[in-house]
Amino acid sequence: MQLASVVGTVVATQKDPHLAGRTLLLIQPSTPHGEPTGRALVAVDAVGAGVGERVFYVRGREASYPFLPVEVPTDAAIVGIVDHATVERVGSSTP
Amino acid sequence: MQLASVVGTVVATQKDPHLAGRTLLLIQPSTPHGEPTGRALVAVDAVGAGVGERVFYVRGREASYPFLPVEVPTDAAIVGIVDHATVERVGSSTP
Amino acid sequence: MQLASVVGTVVATQKDPHLAGRTLLLIQPSTPHGEPTGRALVAVDAVGAGVGERVFYVRGREASYPFLPVEVPTDAAIVGIVDHATVERVGSSTP
Amino acid sequence: MQLASVVGTVVATQKDPHLAGRTLLLIQPSTPHGEPTGRALVAVDAVGAGVGERVFYVRGREASYPFLPVEVPTDAAIVGIVDHATVERVGSSTP
Amino acid sequence: MQLASVVGTVVATQKDPHLAGRTLLLIQPSTPHGEPTGRALVAVDAVGAGVGERVFYVRGREASYPFLPVEVPTDAAIVGIVDHATVERVGSSTP
């Protein structure tokens, strides 16, 4: 999963029926240290996240798992709100 | 999902039979602020989008969900037309 | 799906049995305007494409759909030959 | 799969129920020579890895396989701890 | 699929049980002309490839197909050894 910040919302009247009633949030992927990285995307919220919160999201087909048995056509879903992320070591590793 | 603008159309007589009758649109991924980002791609339309509209699309196997039970061999499908996208905060996050 | 040009062929005697008898083509992804972009890859042909033709291809698990019920282990399949692609608008979008 | 180093941990009280009880680790992808490459991500641990260890992880839907029959909504899972990786040749290949 | 050269091996005692007995190879993706491109990765061998050979590999869920009915948790599998790859045209295409 990737870390991200929730930065906005998306409203779409005309959409696939299986997306009806789902919250669509704009999220900005970020590093463990909170810097934005890569481009923002639209994710379906599965945990009640809100703008300003730090989350992690899942991509690909697994993004539809939280909504089973409904087959929601999404490739990104917020599956957790980060309480805290601890980076103990970032850099070269020579195990 | 990714935000994008519909920028053109693709016509293909010779194609996989499960793509027959589907609308193939050229879309240009874009940032929440509307700037183009990354390369254009071909998506199957699932919501009646047209050239000039702002949309979001789903990638991967989920792109075939809107057309089930037909197994359409596509990895990109337009699943919503954006009414408006609100960016409340983009930048570094220090939750 | 992505646009691409067929630029060559790949011959492999020793390969997964489910790839036997399939045509393996080298394709170069391209922009809607025909410029090469990204790295070339090997795709299974599902529509009878040949070297020099402009095509679009599907990636991921959907790439095996054209060959069902055989589960061909491929992540790229050519699913259409482009007659013409019309770009009506490429650039910033402010819907 | 990709090589990576385990560099930290993630704590999330509010998360998808199928992630409950799973260990979430921050991992930094690395080259065969141990240099960090690309951005850090959050992976579910399937082999008892700890911070400082060198591992390899699987992405995509396969990342949920180690936890079947539970459909864990993850797109990254640590599936092995590296004893040693031998690079016999890196560079241009002219077979 | 992508072209690659086999450049090394990975040994892991502690790993997902479904990977037991599988050969894990380090592969370096390459262009049709044999130049390395992108980062090296760990792939499960499905065709008896060895260090120094030129191969093509499949990514994503399809990477587990060669090992069915066992659900091997891998996202990369070597599915062919290249006898020769012929590039007839690489460059701009104006069909």
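Contact here means heavy atoms within 4.5 Å, and by that rule chain C and chain D of this predicted model do not touch.

**View 1. Two pairs of chains that stay apart.** Let's begin with the gaps. Between chain C and chain D, the nearest C-alpha atoms are 10 Å apart. Chain A and chain C do not touch either, and their nearest C-alpha atoms are 10 Å apart.

**View 2. Chain D meets chain A.** In this interface, 34 residues of chain D are in contact with 33 residues of chain A. About 2,900 Å² is buried between chain D and chain A, with carbon and sulfur atoms giving 53% of that area. Look for D:Gln14, D:Arg39 and D:Asp75, which supply 21% of the area that chain D buries against chain A, more than any other three residues. The rule finds zero salt bridges across this interface, whereas 16 residue pairs are in polar contact. Strands E1 (2-11), E2 (24-29) and E3 (41-45) of chain D each give two or more residues to the side that touches chain A, and E1(D) gives the most, with six residues. By class, this side of chain D holds 16 nonpolar, eleven polar and seven charged residues.

**View 3. A strand pair joining chain A and chain D.** Strand E6 (residues 84-87) of chain A pairs with E1(D) in the antiparallel sense, over four bridges. To find your place in this pairing, start at A:Val87, whose bridge partner in E1(D) is D:Gly8.

**View 4. D:Ser30 in its loop.** D:Ser30 lies in the loop between E2 and E3 of chain D. Is D:Ser30 buried or exposed? Its relative accessibility is 3%, so D:Ser30 counts as buried, the cut-off being under 20%. Beyond its neighbours within four places in sequence, the contacts of D:Ser30 include D:Leu3, D:Ala4 and D:Ser5, as well as D:Glu35, D:Pro36, D:Thr37 and D:Arg54.

**View 5. Chain A meets chain B.** Here 34 residues of chain A are in contact with 33 residues of chain B. Together the two chains bury about 2,900 Å², 54% of it on carbon and sulfur atoms. In chain A, the residues that lose the most area to chain B are A:Gln14, A:Arg39 and A:Asp75, together 21% of what that side buries. Zero salt bridges are found across the interface of chain A and chain B, while 16 residue pairs are in polar contact.

**View 6. A strand pair joining chain A and chain B.** E1(A) and strand E6 (residues 84-87) of chain B pair in the antiparallel sense over four bridges. A handy landmark is A:Val10, with B:Ala85 as its bridge partner in E6(B).

How values were computed
Residues numbered from 1 in each chain as written. Chains lettered and ligands numbered in written order. Predicted model: local features only at pLDDT ≥ 70, side-chain atom pairs only at ≥ 80, totals over all residues. Heavy atoms only, no water. Buried area = accessible area lost by both parts, 1.4 Å probe. Salt bridge = Lys/Arg side-chain N within 4 Å of Asp/Glu carboxyl O. Polar contact = N/O pair within 3.5 Å; in protein donor to acceptor, adjacent residues only side chain to side chain. Nonpolar A, V, L, I, M, F, W, Y, C, P; charged D, E, K, R; others polar. Pairing = 2+ DSSP bridges. Buried < 20%, exposed > 50% of the residue type's maximum accessible area, 1.4 Å probe, protein only.
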